[in-house]
Amino acid sequence: MKVNPLKIANLQSIFKHFGLIQTVMAKKNKALVAGVSKWEGGLLSYIFTFIKMVLALAITVGLGAVVLMTVGGVVGIIAIAVLGLIGFCWAEVIFIKWDTKKTIISGQRLKFTASTFNLFLNILKWTVLTIITVGIYALWLPIKVRKWQ
């Protein structure tokens with residue numbers, strides 16, 4: 001059986017004219033809004049996530065300590081600071097990914113797609129802007145961090 005595309009287009013325009021498509025869409029949107037919202041995290045998964053966060057920090061700070069012992073001086077101190085910051089960013093991203101993976105809003109599971117490198121660059125940018133503006137930019141940091149998440 002062949003379906004005439006003109007008949008389908010005509011039916012759609014008639015439905016639109018009488019508001020039938022809008023009614024169906026409104027019911028569908030209401031069902032999404034009334035959908036299930038919950039958080040599925042548990043103690044055991046939190047403990048494993050915390051262990052991963054500690055390992056991320058230990059690995060990066062450990063590498064910084066090795067550089068400090070090998071090179072020493074200002075270069076070693078800068079290396080441990082940068083690697084420590086990378087470890088902090090890595091741990092933060094691990095936690096946020098775990099938290100969003102366990103969150104369901106209106107029946108849809110959240111997904112976090114940012115990376116450690118992305119957070120690291122943003123922290124460097126925010127630090128430079130805070131220094132340039134003599135601390136005034138720090139007032140906007142909580143908003144910037146929340147938007148990044």
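Note to self before starting: helices and strands here are DSSP runs, with at least four residues for a helix and at least two for a strand, numbered from the N terminus. I'm also keeping in mind that this is a predicted model.

**Entry 1, Ser106.** I looked up where Ser106 sits, and found Ser106 in the loop between strand S2 (103–105) and strand S3 (108–109). I checked the backbone too: phi of Ser106 is near 55 degrees, which is positive, and the residue is not a glycine. Buried or exposed, or something in between, for Ser106? The relative accessibility is 22%, so I put Ser106 down as partly exposed; the buried class stops under 20%.

**Entry 2, Val134.** Here I had another positive phi to look at: Val134 has about 55 degrees and is not a glycine either. I traced Val134 to the loop between helix H5 (116–132) and helix H6 (141–148). Its relative accessible area is 73%, so I noted Val134 as exposed, since the cut-off for that is over 50%.

**Entry 3, the nonpolar patch.** Next I went over the surface and came to a nonpolar patch of about 1,200 Å². Among its residues I wrote down Leu43, Tyr46, Phe50, Val54, Leu63 and Trp90. Which helix gives the most to the patch? Helix H3 (residues 43–70) does, with eleven residues.

**Entry 4, Val54.** I picked one patch member for a closer look. Val54 lies in helix H3, and I logged Val54 as partly exposed because its relative accessible area is 40%. That value also fits the patch rule, which asks for over 30%.

Terms used
Residues numbered from 1 in each chain as written. Predicted model: local features only at pLDDT ≥ 70, side-chain atom pairs only at ≥ 80, totals over all residues. Heavy atoms only, no water. Buried < 20%, exposed > 50% of the residue type's maximum accessible area, 1.4 Å probe, protein only. Patch = residues over 30% accessible without salt bridge, like charges linked within 9 Å, V, L, I, M, F, W, Y side chains within 5 Å. Areas by Shrake-Rupley, 256 points an atom, 1.4 Å probe, with all protein chains shown as cover. Salt bridge = Lys/Arg side-chain N within 4 Å of Asp/Glu carboxyl O.
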